[in-house]
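Colleague: Please take one part of this structure and examine it closely for a student who is new to the subject. Please then relate that part to the rest of the chain.

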Amino acid sequence: STTMASIPSREAAKARISRIFSHVFPKNTRSRQSSTMMRPVVGVAEPASGGLMSDRVALVVGAGAATGSAVAHAFASEGYHVCAVRRNGNKLVELVKSIRESGGIITPFGVDCRKEEEVIRLIEEVEAKIGPIKVCVHNIGANVRFSI
């Protein structure tokens, strides 16, 4: 049985992700994209201004309040355009606000990734309007109760 004391805090999760990223992205290779590139609205991706596409897109499926949020922040801080996905896209408002305030680029999506047709539309929309996906983090906890 998991207790609240055994669940890592958001700060602890961010610290672990940061340590991992320090090995994956050495400081001398970090770059940052302009935060004015997108003007996304929760659940709806808008094309980049001037027709620009991002070449560093990270799709974070399951961008909840803990691990998924820390992963999204980590990629945003490395200059990736984060496409944050959660079944209820309205619950991404705080994550979007936080990443944008820190100068990152994020587009939120409300998608039920248990449904293949929704995932297909998500991938098509991201790659058509934002850019090719370079990284995908699959972090859902959807209580799937059938064999995969």
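Modeller: In this predicted model, Tyr80 has a relative accessible area of 9%. Buried residues are those under 20%, so Tyr80 counts as buried. Two residues may be described in relation to its ring, namely Phe75 and Arg56.

Let us begin with Phe75. A search of the whole structure finds one aromatic pair. That pair is formed by Phe75 and Tyr80, whose ring centres are 5.2 Å apart and whose planes stand at 80°, so the arrangement is edge-to-face. The reasoning needs one cut-off: planes over 60 degrees apart count as edge-to-face, and the 80° between these two rings therefore places the pair in that class. Two quantities are quoted because a pair of aromatic rings is described by the distance of the centres and the angle of the planes. Phe75 has 7% relative accessibility and therefore also counts as buried.

Arg56 is placed over the face of the Tyr80 ring, at 4.2 Å from the ring centre. The description of Tyr80 thus includes an edge-to-face partner in Phe75 and a charged residue, Arg56, over the ring face.

Phe75 leads us to helix α2, where it is one of the buried residues. This helix covers residues 67-77 and is mostly covered, with nine of its 11 residues buried. Besides Phe75, the buried residues of α2 include Gly68, Ser69, Val71 and His73. Four alanines are also among them: Ala70, Ala72, Ala74 and Ala76. Ala70 lies in this helix, and its relative accessibility of 3% means that it counts as buried. The C-alpha atoms of Ala70 and Glu11 are 8.3 Å apart, although 59 residues separate the two in sequence. Just after α2 comes Gly79, which takes a positive phi of about 90°.

Before α2, in the loop that connects β1 to this helix, we find Gly64. Gly64 is buried because its relative accessibility is 18%, a value under the 20% limit. If neighbours within four places in sequence are set aside, Gly64 is in contact with Ser69 and Arg86. Ser69 is one of the buried residues of α2, so to speak a link back to the helix with which we began. The C-alpha atoms of Gly64 and Gly141 are separated by 9.6 Å, with their positions 77 residues apart along the chain.

We may now turn to the strands. Strand β1, residues 57-61, has five of its five residues buried. Both of its faces are covered: Val57, Leu59 and Val61 are buried on one side, and Ala58 and Val60 on the other. β1 runs parallel to β2, and five bridges join the two. One of the positions involved is Ala58, whose bridge partner in β2 is Val82.

β2 also pairs with β3 in the parallel sense, over six bridges. Here Val85 stands opposite Phe109 of β3. Strand β3 comprises residues 105-110 and is mostly covered, with five of its six residues buried.

The loop between β2 (81-86) and α3 (93-101) contains Arg87. With 47% relative accessibility, Arg87 counts as partly exposed. The C-alpha atoms of Arg87 and Asp112 lie 4.6 Å apart, while the two residues are 25 positions apart along the chain.

Finally, consider the chain as a whole. There are four helices and four strands, and from the N terminus on they follow the order α-β-α-β-α-β-α-β. Of the contacts with a separation of 6 or more, 66% are between residues 24 or more positions apart. Buried residues such as Tyr80 belong to the 39% of the 148 residues that are buried. The chain exposes about 8,600 Å², of which carbon and sulfur atoms supply 54%.

Notes
Residues are numbered from 1 along each chain as its sequence is written. This is a predicted model: local features need pLDDT of at least 70, side-chain atom pairs count only at pLDDT 80 or more; totals for chains, interfaces and linings use all residues. Side-chain values use heavy atoms; hydrogens and water are left out. Buried means under 20% relative accessible area, exposed over 50%, partly exposed in between (1.4 Å probe, protein chains only). Rings of Phe, Tyr and Trp (its six-membered ring) pair if their centres lie within 6.5 Å; planes under 30 degrees apart count as stacked, over 60 as edge-to-face and the rest as tilted. A charge sits over a ring if NZ of Lys or CZ of Arg is within 6 Å of the ring centre and within 35 degrees of the ring normal. Contact means heavy atoms within 4.5 Å. Accessible areas come from the Shrake-Rupley method with a 1.4 Å probe; for residues, only the protein chains shown count as cover. Two strands pair if DSSP finds at least two bridges between them.
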